[in-house]
Amino acid sequence: MPRYPDSVRALVTRLNRPVVAIVAVTILAAGLRFVHLSHPDGYVFDEVYYPKAACILLGWSDETCTIDPGDEHYWREKKWDVGSWVHPPLGKWEIAMGIKAFGMNEFGWRVSSAVAGTAVVLLTAVMAQLLFGSAIWTALAGLLMAVENLNVVMSRTGLLDIHLEFWVVLGFVFVLLDRRWLERRQAADDERAPPVSKDEPTEPTEPPVPAPPPRPVVSPIWRPWRFAAGAALGAAAAVKWSGAFGLLAVMIMYLVWETSRRHRGLVGWRGAFGRAIARESFGIVLALVLTPIAIYMLTWVPWFHHFGWSWHLWVENLGETWRFHHNGIEWTKLDPKTGMETPTHPYYARPWKWILLLRPISFYVKDYGTDTEQILAIGNPVIFWASVVAIPFVSLAWRRLRDWRAGFLTMALFGQYLPWFLPGRPTFFFYVLPLTPFMVLMVTYMCREASDATIVVREPDTGEVALHPATGEPAISTAHVYRPFIWAFVIIPAVAVFAWFWPILTAGRITDLHVRTIVWFRAWI
C-alpha cells in the first residue's frame with residue numbers, strides 16, 4: 001500500500017505522453033472502421049460508380065468489374081471510367097489499390113477508405129498536438145474524431161470523400177509544421193545576429209539614441225513543409241475539385257501570417273502587407289500554385305498513356321467535367337416565392353444546413369418487416385451541435401486574444417466552407433466531411449479554454465480584481481469549475497450517442513423501435 005500512490009503516479013506520467021494519446025486513438029479508430037467492413041453485401045450508395053471505375057483502371061474485364069453492357073461499357077470505351085468520369089482519377093486509383101490487393105469484393109473496394117479514415121483520426125490528433133502541445137487535448141481531439149459518425153460511415157464505404165479529407169488534413173498538418181520550422185529558423189537567425197547597441201547618451205545635450213530597427217524577417221523560398229502542403233492539397237484537388245478550397249484557405253492563411261510577422265517596430269499593417277506580398281509571393285506561387293498543378297497533372301499520366309497522350313481529348317474531357325459540375329445535375333423545382341427554378345434533390349442540403357444536421361442522407365436501407373438494416377450518413381449530433389457554439393467562440397478568441405491557433409482553425413474552416421455557398425447545383429450533407437476535423441478541433445479548443453477558466457471576483461465600481469476579506473489575496477478561485485461540464489456535455493454524450501447510433505452507421509440489424517429512437521427528426525429519414 002505505501003508504494004501504491006507512487007506507482008500510480010508513475011504510470012500516469014508514462015501514459016501522459018502525446019505519442020501514447022495518438023497511438024491509442026488511432027487503434028480505436030482502426031477498430032471502429034475495419035470491424036465487419038465487408039457488411040453489407042453489394043454496392044452501397046455511390047459504390048455503384050467508384051469501385052467499378054477503379055477496377056477499370058486495373059484493366060480487368062467487364063465481367064469482373066460488373067460493368068453493365070449498355071451505358072457503363074460505353075463510358076468505359078469513351079472515358080476509361082463509368083459515371084464517375086466527372087471526378088479526377090487519384091481517389092479511384094486509391095480504391096484500386098485495395099481491389100488489387102484483396103479482389104473485386106466489398107472488403108477490397110472499402111479497405112482503402114478505412115485506411116484513409118483511420119489516418120484522418122491520427123492526423124487530427126497530430127494537429128491537436130501541434131496546436132495545443134498537450135497529451136490530454138490531443139487525446140480528446142482524437143477521441144472525438146474517432147467517434148464522429150459521418151467519418152465512420154465514409155470510412156466504411158468505397159467513395160471518394162474520405163480520400164479527399166485525408167489529403168486536406170495532411171496538407172494542414174504540413175502547414176503547421178511549416179510554421180514551426182519557420183519560427184525555429186527565425187529564432188536561430190535572431191540568435192546569430194550581433195547584439196544591438198543600447199548605449200545611452202553621455203551628455204544631457206546629446207539627442208536620444210533612436211530605437212533600433214527590428215530584426216529582419218527571414219523569407220526563404222525553399223520551405224520544405226510548405227511545398228509538402230502544396231503537394232498534399234494538389235492531391236486533394238486530384239480526388240475532387242473541391243479540394244482546391246483547402247488551397248484557397250491556406251493561401252489566405254499565409255498572407256495573414258506573413259503580414260503579422262512583418263508588423264513590428266514602426267512597420268504598420270499596410271506596410272507589413274506590402275512587404276509580405278513583395279517577399280512571399282514568389283514562394284507562395286511555387287509551393288501553392290505550381291506544385292499543386294504538377295501533382296494534379298501527375299495523377300493524369302495513366303489517362304494520357306491510355307488515350308495516346310492526346311491533349312485535345314484531355315481538354316475536351318476537362319470542359320465536359322466543368323459543364324457537368326456547373327449545370328449537369330438538373331433536378332429543379334419552381335420556387336413559389338421567387339418564381340424561379342431552383343436546384344433540388346430528395347437529399348438536397350444547402351450548406352447552411354450541414355452543421356445544423358438538418359438533412360443527412362441515407363446510403364442504404366433493407367427492410368426485414370419489424371427489423372431494419374440502414375446506413376445513415378449523419379454527423380455526431382453532440383459534436384456538430386457543439387460546433388454551433390465552438391465556431392463563433394473560436395472566431396472571437398482570434399479577435400479578442402490574438403491567438404494564432406484560433407486564427408488557424410477559423411481560416412481553415414471558413415476558407416473551405418464559404419465557397420460552397422456559391423454553386424447553384426444541388427449540394428449534399430456529406431460534402432461537409434473535410435470540415436469535420438476542424439470542427440472537432442474547435443470544440444477541443446473551446447473545452448481547453450473552459451477547462452483552464454477560473455472564477456474571478458471583481459469590484460463592481462472599478463472592475464479590478466477584488467481581495468479576499470479573510471486572506472487579503474486576490475479573489476480568484478483555484479478550482480476549475482467548468483471541467484465537470486466538459487465531461488457531462490461533450491465527452492460522455494459524444495461517445496454515448498455514437499454507441500447508440502452505431503447500428504445505423506454500419507447496417508446493423510435493429511428493431512424499428514430502435515430506429516425511431518435514433519431518427520429524431522422527420523428530415524433524418
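The largest cavity in this predicted model has a lining of nine nonpolar, two polar and three charged residues.

**Cavities**

The structure contains three cavities of 30 Å³ or more. The largest encloses about 120 Å³. Its lining is made by 14 residues. Nearest the centre of this cavity are Asp81, Pro89, Lys92, Trp300 and Trp303. Three elements each give two or more residues to this lining: α3 (50–57), α5 (90–102) and α13 (301–306).

The second largest cavity holds about 60 Å³. Its lining consists of Leu37, His39, Pro40, Val44, Arg110, Val153, Arg156, Thr157, Ile375, Leu505 and Thr506. By class, six of these are nonpolar, three polar and two charged.

**The second largest pocket**

The second largest pocket has a volume of about 570 Å³. It is lined by 24 residues. Closest to the centre of the pocket are Arg179, Val256, Trp257, Ser260 and Arg261. Helices α9 (161–192), α11 (244–262), α16 (381–401) and α17 (404–417) each supply two or more lining residues. Which element gives the largest share of this lining? Helix α11 does, with seven residues. Charged and nonpolar residues number ten each in the lining of this pocket, beside four polar ones.

The three spaces are set out below by volume and lining class.

| Space | Volume | Nonpolar | Polar | Charged |
|---|---|---|---|---|
| Largest cavity | about 120 Å³ | nine residues | two residues | three residues |
| Second largest cavity | about 60 Å³ | six residues | three residues | two residues |
| Second largest pocket | about 570 Å³ | ten residues | four residues | ten residues |

**A three-stranded sheet**

Strands β3, β4 and β5 form an open sheet in the order β3-β4-β5. Pairing in this sheet is antiparallel. The edge strands are β3 (361–367) and β5 (510–511), each of which pairs on one side only. Strands of a sheet pair through backbone hydrogen bonds, in a parallel or an antiparallel sense.

How many bridges join β3 and β4? There are six, in the antiparallel sense. In this pairing, Ser362 stands opposite Leu376 of β4. The two strands make a hairpin with three residues between them. There, Gly369 takes a positive phi near 90 degrees.

On the other side of the sheet order, β4 (residues 371–377) pairs with β5 over two bridges, again antiparallel. Thr372 stands opposite Ile510 in β5.

A helix accompanies these strands. Helix α19 (residues 483–505) lies across β4 and β5. It runs at about 105 degrees to β4. Leu505, a residue of this helix by its range, is also one of the residues lining the second largest cavity. Ile375, within the range of β4, lines that cavity too.

**The disulfide**

How many disulfides does a search of the whole structure find? It finds one. The bond joins Cys55 to Cys65, with an S to S distance of 2.0 Å. Why is this disulfide called left-handed? The torsion about its S-S bond is about -80 degrees, so the disulfide is left-handed. Cys55 belongs to helix α3, while Cys65 sits in the loop between α3 and α4 (71–79). The two cysteines are ten residues apart. Helix α3 thus appears in two settings: it carries Cys55, and it is among the elements that give two or more residues to the lining of the largest cavity.

Technical notes. Residues numbered from 1 in each chain as written. Predicted model: local features only at pLDDT ≥ 70, side-chain atom pairs only at ≥ 80, totals over all residues. Heavy atoms only, no water. 1 Å grid on protein atoms, 1.4 Å probe; cavity = no way out; pocket = protein on both sides within 12 Å on 5 of 7 lines; lining within 4 Å. Points joined across faces, edges and corners; volume = space filled by probe spheres on them. Helix = DSSP H or I, 4+ residues; strand = E, 2+ residues; numbered from the N terminus. Nonpolar A, V, L, I, M, F, W, Y, C, P; charged D, E, K, R; others polar. Pairing = 2+ DSSP bridges. Contact = heavy atoms within 4.5 Å. Axes fitted to C-alpha atoms, helices over the stretch in contact; angles between N-to-C directions. Disulfide = S-S within 2.5 Å.
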